[in-house]
Amino acid sequence: MGFFDKLKKKVTAQTDSVTEKFKEGLTKTRNSFVGQMNELFAQYRNVDEEFFEELEDILISGDAGVSTVMELIDELKHEAKLRNIKQSKELAPVISEKLAEKLDKTGEDTSLNIQQNDMTVILFVGVNGVGKTTTIGKMAHSFKQEGKKVVMAAGDTFRAGAIEQLDVWGERVGVDVVKQQAGSDPAAVMYDAIHSARSKKADVLLCDTAGRLQNKVNLMKELEKVKRVISREIPNAPHEVLLVLDATTGQNAMNQAKTFQEATDVSGIALTKLDGTAKGGIVLAIRNELDIPVKLVGLGEGVDDMQPFDAEHFVYGLFKELVEENTENENR
């Protein structure tokens with residue numbers, strides 16, 4: 001059984017709604033990427049150096065990251081020789097297979113670190129405008145749908161309207177928001193939020209933070225103080241520090257990730273607005289070059305469209321037409 005056949009069988013055996021969300025959310029990237037790939041296969045019937053140069057350009061233009069692409073091209077050349085692949089179209093399943101391997105490094109668990117017998121504290125970091133507050137609101141909705149009691153902490157006390165925005169989400173999804181006045185000490189908000197969440201016997205506490213990068217030293221000190229207060233009240237917390245990045249900003253998102261990596265211990269990425277870009281290769285660049293797992297992806301504007309990241313669903317969403325075409329040919 002070929003890779004495309006295995007991929008289709010595995011993905012379609014899982015929740016149909018999740019498969020659909022990835023297919024729909026990756027439409028722009030798929031249309032751009034697969035369109036270019038089909039042109040490439042039509043122009044270069046044989047696997048040669050020119051074919052690989054063109055493929056390299058396509059992947060780089062899709063924001064997959066230069067060093068990641070160079071590494072991938074070397075691996076594909078090696079596989080083509082090893083498997084004696086002469087026709088370019090025959091390389092399509094190998095390309096998707098290698099992408100899946102890079103996205104699912106060492107097969108590590110990319111699920112959220114949810115505590116079974118204690119309150120889970122998740123800290124969200126990221127610059128202003130990336131969709132941090134919206135991500136927190138959607139996650140609050142998701143946890144509530146699972147039957148968990150959720151509290152949100154309005155720790156971004158500096159951005160105008162941030163507290164009110166989280167309040168709106170709280171009302172929308174029916175979740176309590178712990179807040180103080182604008183300009184308050186974010187660490188004090190976290191202290192209040194922990195005690196409030198405990199008194200309410202909450203399962204999950206979702207914490208917003210400020211996203212100012214103008215002065216990195218201040219940002220580091222503020223995040224360190226917030227984390228110190230949280231871990232003093234709840235040992236081993238926060239259980240996740242999720243960096244929220246906007247997929248539409250491409251390589252700028254990579255620069256933000258590097259800055260926040262220096263400022264705090266990021267445990268995972270929440271990548272928003274993936275449905276709004278034709279350059280979904282940014283997922284590959286983040287995963288491969290920063291060595292931080294992508295844990296959540298935004299696949300639409302709906303309240304249910306923040307989904308746990310799944311490498312196989314991502315690759316299937318990206319190669320849907322090629323998968324369908326190849327599996328039909330294989331099964332004839």
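# Strand pairing, helix packing and backbone exceptions

Strands β2 and β3 (residues 176–178) run parallel and are joined by 3 bridges. The model described here is predicted. Its protein chain contains 13 helices and 8 strands. Of the 332 residues in the chain, 54% are buried. Among contacts in the chain with a separation of 6 or more, 77% are between residues 24 or more positions apart.

**Strand β2 and its partners**

- In the pairing of β2 with β3, V151 has D176 as its bridge partner.
- Strand β2 (residues 150–153) also pairs with strand β4 (residues 204–207), in the parallel sense and over 4 bridges. Here V150 has V204 of β4 as its bridge partner.
- In a regular strand, side chains alternate between the two faces of the sheet.
- Both faces of β2 are covered, with V150 and M152 buried on one side and V151 and A153 buried on the other.

**Strand β5 and its partners**

- Strand β5 (residues 240–246) pairs with β1 and with β6: strand β1 (residues 120–125) runs parallel to β5 and is joined to it by 4 bridges, while strand β6 (residues 268–272) pairs with β5 in the parallel sense over 5 bridges.
- On the β1 side of this arrangement, I122 stands opposite E240 of β5. In the pairing with β6, L242 has G268 as its bridge partner.
- The side chains of E240, L242, V244 and D246 point one way from β5, those of V241, L243 and L245 point the other way, and all of these residues are buried.
- Because 7 of the 7 residues of β5 are buried, the strand is largely enclosed by the rest of the structure.

**Packing of helix α6 against α5**

- Helix α5 (residues 66–82) and helix α6 (residues 92–103) have axes that come within 10 Å and cross at roughly 130°.
- Angles of 65 to 115 degrees count as roughly perpendicular and those over 145 as roughly antiparallel; α5 and α6 are therefore oblique to each other. Their crossing is right-handed.
- In this contact, α5 contributes T68, E71, L72, E75, L76 and E79, which meet V94, I95, K98, L99 and K102 of α6. The contact residues comprise 5 nonpolar, 1 polar and 5 charged.

**Packing of helix α6 against α12, and residue R287**

- Helix α6 also packs against α12, at an angle of about 50° and with the axes 9 Å apart.
- Angles under 35 degrees count as roughly parallel and those of 65 to 115 as roughly perpendicular; α6 and α12 are therefore oblique to each other.
- The α6 side of this contact consists of L99, K102 and L103, and the α12 side of V283, L284, R287 and N288. By class, these residues are 4 nonpolar, 1 polar and 2 charged.
- Both L99 and K102 of α6 also belong to the contact with α5, and they are listed in the contact with α12.
- R287 lies in helix α12 (residues 282–290). Its relative accessibility is 2%, so R287 counts as buried, the cut-off being under 20%.
- Apart from neighbours within four places in sequence, R287 contacts K102, L103, K105, E108, I292, P293 and V294.

**Backbone exceptions in loops**

- Most residues other than glycine have a negative phi, and most peptide bonds are trans.
- The peptide bond between A237 and P238 is cis, with omega about 0°. P238 is located in the loop between α10 (216–233) and β5.
- D63 is not a glycine, yet has a positive phi of about 70°. This residue is in the loop between α4 (49–61) and α5. With a relative accessibility of 12%, D63 counts as buried.
- K201 likewise has a positive phi, near 55°, in a residue other than glycine. K201 is placed in the loop between α9 (186–199) and β4. At a relative accessible area of 68%, K201 is exposed, whereas D63 is buried.

Note on methods. Residues are numbered from 1 along each chain as its sequence is written. This is a predicted model: local features need pLDDT of at least 70, side-chain atom pairs count only at pLDDT 80 or more; totals for chains, interfaces and linings use all residues. Side-chain values use heavy atoms; hydrogens and water are left out. Axes are lines fitted to C-alpha atoms, for helices over the stretch in contact, and angles run from 0 to 180 degrees between N-to-C directions. Helices (H or I, at least four residues) and strands (E, at least two) are DSSP runs, numbered from the N terminus. A crossing is left-handed if the near helix is turned anticlockwise from the far one by less than a right angle, and right-handed if clockwise. Contact means heavy atoms within 4.5 Å. Ala, Val, Leu, Ile, Met, Phe, Trp, Tyr, Cys and Pro count as nonpolar, Asp, Glu, Lys and Arg as charged, and the others, Gly among them, as polar. Buried means under 20% relative accessible area, exposed over 50%, partly exposed in between (1.4 Å probe, protein chains only). Two strands pair if DSSP finds at least two bridges between them.
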